[in-house]
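Reader: I have the sequence and the model open. Can you take me through some strands, cavities and pockets?

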Amino acid sequence: MRTTLVITLSALVAGCIVRLPPLDEDLLVLCASTSDCLDDKICVGDLGVCARADNPCIELRGDVYLGVATGTSCPLGEGRGICLAGGCVGSLCGDGFVDTAVAGELCDDGALNSDATPEACRTDCHPARCGDGVVDTARGERCDDGALNQDGAACSPKCTQACGDGYLQPGEACDDGNSFSGDGCDSNCTPTACGNGVVTLGEECDDNNLVSGDGCDTAPTSEMFARRCTSTQCGNGIMTAGEVCDDGNFDAGDQCSAGCLSNEICGNAIVDAAAGETCDDGDRESHDGCSSTCVVEPAGWTDVETRFLPRTNHAAAYDDARDRGVIFGGVASGILVSDETWEFDGYVWYRARPIASPPGRREAAMTYDSARDRVVLFGGRGLAGLLGDTWEYDGITWVQRSASGPSPRTRVEMVYDSVRARVVLFGGQDLQDTWEYNGVTGTWTSRSTVGQPPMRNDAFAMAYDATRQRVVLYGADSGARETWELYDPDGGGVQPINWIENTGAGSPPASDRIRLAYAGGALGVISFGGHHFMGSDLYFNDVAIYAPAGYVWGITGPTAPTATKPPARQNFAAFWDTTRSRLVVSGGRDQSAVLLDDTWTFSAGAWTEAIRSPRPRMYPAMSYDSARGRVVMHGGQTGPLSFNLTNDTWEHDGDVWRNMNAPAGSTGRQVHQLVFDTKRGRTLLFGGYTQSISSFNSGCFKSDLWAYNGASWTCVSSKSGADAGCPVTPGPDARYGHAMAYDRDRDRVVLFGGATPTAGAGSWCGASNPARTTLADTWEHNGTAWNPVTPLTTSPPARLHAGIAYDATRHRTVLYGGNGYDTLTWEFDGLDWRSIATATRPSGIVAPVLAYDSLRKRIVLYGGYDGVPALNDDVWEYDGSDWRRVVLSGQAIVARYGLGMAYDAWRRRLFVFGGFDGGGYNGETALLDYRSETPDESCAGASDADADGLVGCADPDCAYLLACTCPNAVCDGFETTANCAADCP
């Protein structure tokens, strides 16, 4: 049966609507077998339709025609199609069939094809893919901007936005397609470098920044693989907050300390021991306790007395190598046998401080061994009796030598034979033996002699005549004026040596206790002074020479009674100064049995008195004239009697004392005060106590104010009358023992306390030791007039003999101690007093002296007593909060009170003179300074003695000089209106 079925171009196939090709003129004849088909068509069994036998979409399988698989390629026109329901038709995306062979379809979900649904088959029958504009997360896509996908865009060609995908995207500095770090592009897509947030090879940390000090530091290098990121710590080579350096190691001594807290430069206020520093006070100045090379400067006293105490029977010699006269021992004021060593440099005496010294003695023998540069000392009389020891002095210490030699003796003489290099000794009291000392071996040899001087009971003298190679001896017991000579016939010490008396020599006026010295040249041996008894004791001050011309004694030098020459004397010291060709005479005893302390030099027939220091005294007044660089001292008590008051004025210029011959008023005074007025360039004196020489009971309390201009004193004012010419004006009551300082910032003299007669200011002169009232008043002088000050809240208790000084750094007047003292330190700011209870304080609290150390910026206290009396020899410093005892090196000076003290700002040292030391009035001049091993700068030109790299005014050691400070808009150091008006108007 044949059935004709007309099928349009569309048919429903497998749930999809597709277009069917026309078969047999668009008619499909259903069949069950080929017999049902017409026109040589065959029946396609599986399709049940008739088709031409050449239909490419059917095939014969066995004896049955069947349709080929749907989608099989077939020819279609000039192209190809696919087989579909027995027909060869063109491919159509969306037909539900994946037409891979013809259309290149990779998928076809028919109606489900979509260009917007993730993971769907797209309408071009291709699967979802990167670049189709849809983010297919199941495929691993993170983005898809379609045609906008590209390298460097928001979405990469791989539809990724991740570091390591190989594409450079916004926010990435690099992308090498991997997640490895340290290969040039790290896992966070930044170049391998410190600060990218990735810890790479060689880095200890990386906190994603280049900021140091936040736990992870940035090293100063740009090399990619260098160790640049390190943990914040000293030694990583990166200077961070709290560090002043970091050199990449933990070593010290390489200009960066182990803790990175110091650049190890002197002057940074850090002690860098590895750099050789033992201190660092934050500056490069010396003499403030820490040198300009940061080495501790010990504080110590230097005794610079310009004369020794009055004395007699001391031994003397001239040290030619060191150009020093040396004396030892003797009987000094209050000292039966002295053990002091003094040196005279041609101008002034200095108390030497040897490491070791011989026991004290008098009437010893001393000479100079020029071959060995040693002063040799022998014998004398000590406290326990006669001495027979031998000592040598090299300028540093005394050393005891031979244990055997001449017997102990006194009034012995010896000289040095420079030709035979032997010390020759003769006699002594009641002795007449001759000895020689070999300093190389340290042995004494007794010499046999041909002839010898008679035994001596009194003092004689010897000298060595180097021209004639003979020892010359003169003097004996009173009346015996003998001159003897000693020489060695063979010079080898084998034959006995010969003593020969020159009976035709004549004699000097004196017969004993004379001194000889060899002057050389036409003078030969020279003698001076001595004693002779002719019914009574006679003392002489003549010069006699034992000249080569005839070898007879002849008087020379000034002989007229009015001629300038030393007072007559005996038992003095004398030596010939070969450097200056002059005889030096010092000390001894005069006709009135008074011990002498003067020094004279004889040259070219004339005498000159060497520079002398002030007489020993207590309660002088002292201040420092900063305009002229002078310590100024006035008055004081010079003797045990109450009227032994002096009215002299002395100045010390840093080297020597000078008597200015400038009295302040008509009488001497003590316990008064001096201050220096820097505004007007003058020294001011106020008050004190005077005593008339003519009347023992006429003590006066003074209320006068005097001004000193460096040449003379002028009375400025007086409240209740004083010397003639003093204007009478209102002011403080007459008093002594008051405290006075100059406030340079306010241009005010500040005065506090003291004692005044109880009878009142009107009775300023009266009986000796009148009843007195201790005061607690405060006064100020403004340069023109005195004005009383009423403190706002409080005031120190009444007192006298207090110490006072002005602290120019803290702008305070500081008061401490005194009779009626409390245990407080007081400060005055111009309006009020303030008490400070310090944790520590000095023990000496009565009559201390205070001064301001402008270099160390401290108040310094010295001297005083605690009422026992126990004298104070401590040095204390006050920094505004507490007192600190200064540790001193070397030998301390004698403890005392009632002394004068000032700070020498030019020379950066504390200056002390006088006082009462428990045994008497002291005449010692001493300096307290911080001694540096570093040479002082000359401050001239380009000199850099301390090798600190700084010269001239740029060097702090020179910064104190007026040439360096004026002008600098600060009135400091020793500037005044007189010398620097620009800074001190």
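Author: One definition first: Ala, Val, Leu, Ile, Met, Phe, Trp, Tyr, Cys and Pro count as nonpolar, Asp, Glu, Lys and Arg as charged, and the others, Gly among them, as polar. Keep in mind that this is a predicted model.

Reader: How do the residues lining the second largest pocket divide into nonpolar, polar and charged?

Author: The second largest pocket has a volume of about 870 Å³. Its lining consists of 41 residues. By class, six of the lining residues are charged, eight are polar and 27 are nonpolar.

Reader: Which residues lie nearest the centre of the second largest pocket?

Author: The 41 lining residues do not sit equally close to the centre of the second largest pocket. Nearest to that centre are Ala-317, Met-366, Thr-367, Val-415 and Leu-516.

Reader: Which strand gives the largest share of the lining of the second largest pocket?

Author: Strands that each supply at least two lining residues are β16 (315-319), β21 (365-369), β25 (413-417), β30 (461-465), β34 (515-520) and β40 (573-577). The largest share is six residues, and the strand that gives it is β34.

Reader: Now the cavities. What volume does the largest cavity have?

Author: Rolling a probe the size of a water molecule over the atoms shows where empty space is left. The search of the whole structure finds four cavities of 30 Å³ or more. The space in the largest cavity is about 90 Å³.

Reader: Which strand gives the largest share of the lining of the largest cavity?

Author: There are 13 lining residues, and the closest to the centre are Asp-853, Val-860, Leu-910, Leu-928 and Tyr-930. Two or more lining residues come from each of β66 (875-878), β69 (909-913) and β70 (925-930). By class, the lining has five charged, one polar and seven nonpolar residues. The largest share, three residues, comes from β70.

Reader: Which residue in the turn between β64 and β65 has a positive phi?

Author: β64 (residues 849-853) pairs with β65 in the antiparallel sense over five bridges. One bridge partner pair is Val-849 and Tyr-862 of β65. The two strands form a hairpin with four residues between them, and the turn residue with a positive phi, about 60 degrees, is Lys-857.

Reader: Which residue of β66 stands opposite Leu-861?

Author: β65 (residues 858-862) is mostly covered, with four of its five residues buried. β65 also pairs with β66, in the antiparallel sense over four bridges. Opposite Leu-861 in β66 stands Trp-876.

Reader: Which strands stand at the edges of the sheet with the order β55-β56-β58-β59?

Author: This is an open sheet of four strands with antiparallel pairing. An edge strand has a single partner, so one side of it is left without a neighbour in the sheet. The strands at the edges are β55 (739-743) and β59 (786-789).

Reader: Which residue of β56 is the bridge partner of Ala-739?

Author: β55 and β56 (residues 748-757) pair over five bridges in the antiparallel sense. In β56, the bridge partner of Ala-739 is Phe-752.

Reader: Is Asn-647 buried or exposed?

Author: Asn-647 lies in strand β46 (residues 645-652). Leaving out residues up to four places away in sequence, Asn-647 touches several others, among them His-634, Ala-662 and Pro-663. The cut-off for buried is under 20% relative accessible area. Asn-647 has 13% relative accessibility, so it counts as buried.

Definitions and conventions:
Residues numbered from 1 in each chain as written. Predicted model: local features only at pLDDT ≥ 70, side-chain atom pairs only at ≥ 80, totals over all residues. Heavy atoms only, no water. Pairing = 2+ DSSP bridges. 1 Å grid on protein atoms, 1.4 Å probe; cavity = no way out; pocket = protein on both sides within 12 Å on 5 of 7 lines; lining within 4 Å. Points joined across faces, edges and corners; volume = space filled by probe spheres on them. Buried < 20%, exposed > 50% of the residue type's maximum accessible area, 1.4 Å probe, protein only. Contact = heavy atoms within 4.5 Å.
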